[in-house]
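Look over the fold below, then work through the questions. Try each one before you read its answer.

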Amino acid sequence: MTDQLQDVITRAARVRLMIFDVDGVLTDGSLHFGADGELIKTFNVLDGQGIRLLQQSGVATAIISARQSPLVQRRAGDLGITHVFQGSHDKRASFEQLLAQTGFTADQCGFIGDDVIDLPILLRAGFAASVPNGHAEVRRRVHFVTTAQGGRGAVRELCDLILSAQGNYEAALAPYLS
């Protein structure tokens with residue numbers, strides 16, 4: 001095992017709170033507008049199941065997004081994500097507020113983002129991740145880049161990695177294998 005891979009596993013094993021950006025991570029980053037101006041976002045069901053498995057293993061989850069959308073609030077509700085910060089153009093401030101609310105340290109947090117607005121959290125989180133279609137400046141500064149694209153299973157890949165690093169992957173799958 002390479003030193004870099006060992007570092008990723010060690011960092012993922014410490015995650016107690018996983019935080020997700022939305023556009024470009026939970027979605028593919030596309031914004032679709034209907035004829036009457038309504039915004040349409042597409043979320044991946046594999047990502048949603050990964051988040052649920054992570055929660056069931058005891059890892060708390062949160063969303064910090066620069067955009068404001070009722071669709072994000074609805075998806076967060078569907079997934080049982082209670083910590084949701086939207087319209088957050090100062091993601092550092094939202095991150096600090098989240099830490100104060102939860103009592104977790106930055107070192108216990110994971111964050112996956114895709115653009116430079118995410119850097120203030122990515123540079124502080126104990127486990128920073130991005131997607132292959134994320135901005136080059138972001139990909140260069142994170143601990144892990146998924147192989148799956150944003151909105152196309154990247155979050156599931158990350159959740160599975162955390163579950164594996166924490167020794168909980170097999171237990172998470174067990175109910176589906178019996």
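Two strands pair if DSSP finds at least two bridges between them. Strands (E, at least two residues) and helices (H or I, at least four) are DSSP runs, numbered from the N terminus. This is a predicted model, where local features need pLDDT of at least 70 and side-chain atom pairs count only at pLDDT 80 or more, while totals for chains, interfaces and linings use all residues. Residues are numbered from 1 along each chain as its sequence is written, and side-chain values use heavy atoms, leaving out hydrogens and water.

Q: In what order do the six strands of the open sheet stand?
A: The pairing in this sheet is parallel. Six strands take part, and their order is β5-β4-β1-β6-β7-β8.

Q: Which strands stand at the edges of the sheet, with one side left without a neighbour?
A: A strand at the edge has a single partner strand, so one of its sides has no neighbour in the sheet. Two strands fit that description: β5 (83-85) and β8 (144-145).

Q: Which residue of β4 is the bridge partner of methionine 18?
A: β1 and β4 run parallel, and four bridges join them. Leucine 17 stands opposite alanine 60 in β4. For methionine 18, the bridge partner in β4 is threonine 61.

Q: Which residue of β6 is the bridge partner of phenylalanine 20?
A: Strand β1 (residues 17-20) also pairs with β6, in the parallel sense and over four bridges. Isoleucine 19 stands opposite phenylalanine 111 there. The β6 partner of phenylalanine 20 is isoleucine 112.

Q: Are the residues on the two faces of β1 buried or exposed?
A: Buried means under 20% relative accessible area, exposed over 50%, and partly exposed in between (1.4 Å probe, protein chains only). Leu17 and Ile19 lie on one side of β1, Met18 and Phe20 on the other. Both faces are covered, and these four residues are all buried.

Q: Which residues of β6 lie on the side away from Cys109 and Phe111?
A: Strand β6 (residues 109-112) is covered on both faces. Cys109 and Phe111 take one side and are buried. The other side, buried too, holds Gly110 and Ile112.

Q: Which residue of β7 is the bridge partner of phenylalanine 111?
A: β6 pairs with strand β7 (residues 127-130) in the parallel sense, over three bridges. In β7, the partner of phenylalanine 111 is alanine 128.

Q: Is α1 roughly parallel or roughly perpendicular to α7?
A: Axes are lines fitted to C-alpha atoms, for helices over the stretch in contact, and angles run from 0 to 180 degrees between N-to-C directions. The axes of α1 (residues 3-13) and α7 (residues 154-165) come within 8 Å and cross at roughly 85 degrees. Angles under 35 degrees count as roughly parallel, over 145 as roughly antiparallel, 65 to 115 as roughly perpendicular and the rest as oblique. So α1 and α7 are roughly perpendicular.

Q: Which residues of α7 make the contact with α1?
A: Contact means heavy atoms within 4.5 Å. On the α1 side stand Val8, Ile9, Ala12 and Ala13. On the α7 side stand Leu161, Ile162 and Ala165.

Q: How many charged residues are in the contact of α2 with α3?
A: Helix α2 (residues 45-56) packs against helix α3 (residues 70-79) at about 50 degrees, with axes 10 Å apart, which makes the two oblique. Val45, Gly48, Ile51, Arg52 and Gln55 of α2 meet Arg75, Asp78 and Leu79 of α3. Ala, Val, Leu, Ile, Met, Phe, Trp, Tyr, Cys and Pro count as nonpolar, Asp, Glu, Lys and Arg as charged, and the others, Gly among them, as polar. The contact divides into three nonpolar, two polar and, for the charged, three.

Q: What is the relative accessible area of serine 65?
A: Serine 65 lies in the loop between β4 (60-64) and α3. Residues it touches, not counting those up to four places away in sequence, include Asp21, Phe85 and Lys91. Serine 65 is buried, with a relative accessible area of 2%.

Q: How far apart in space are threonine 105 and glycine 150, C-alpha to C-alpha?
A: Threonine 105 sits in the loop between α4 (91-102) and β6. Its relative accessibility is 41%, so threonine 105 counts as partly exposed. Threonine 105 and glycine 150 are 45 residues apart in sequence, and in space 26 Å.
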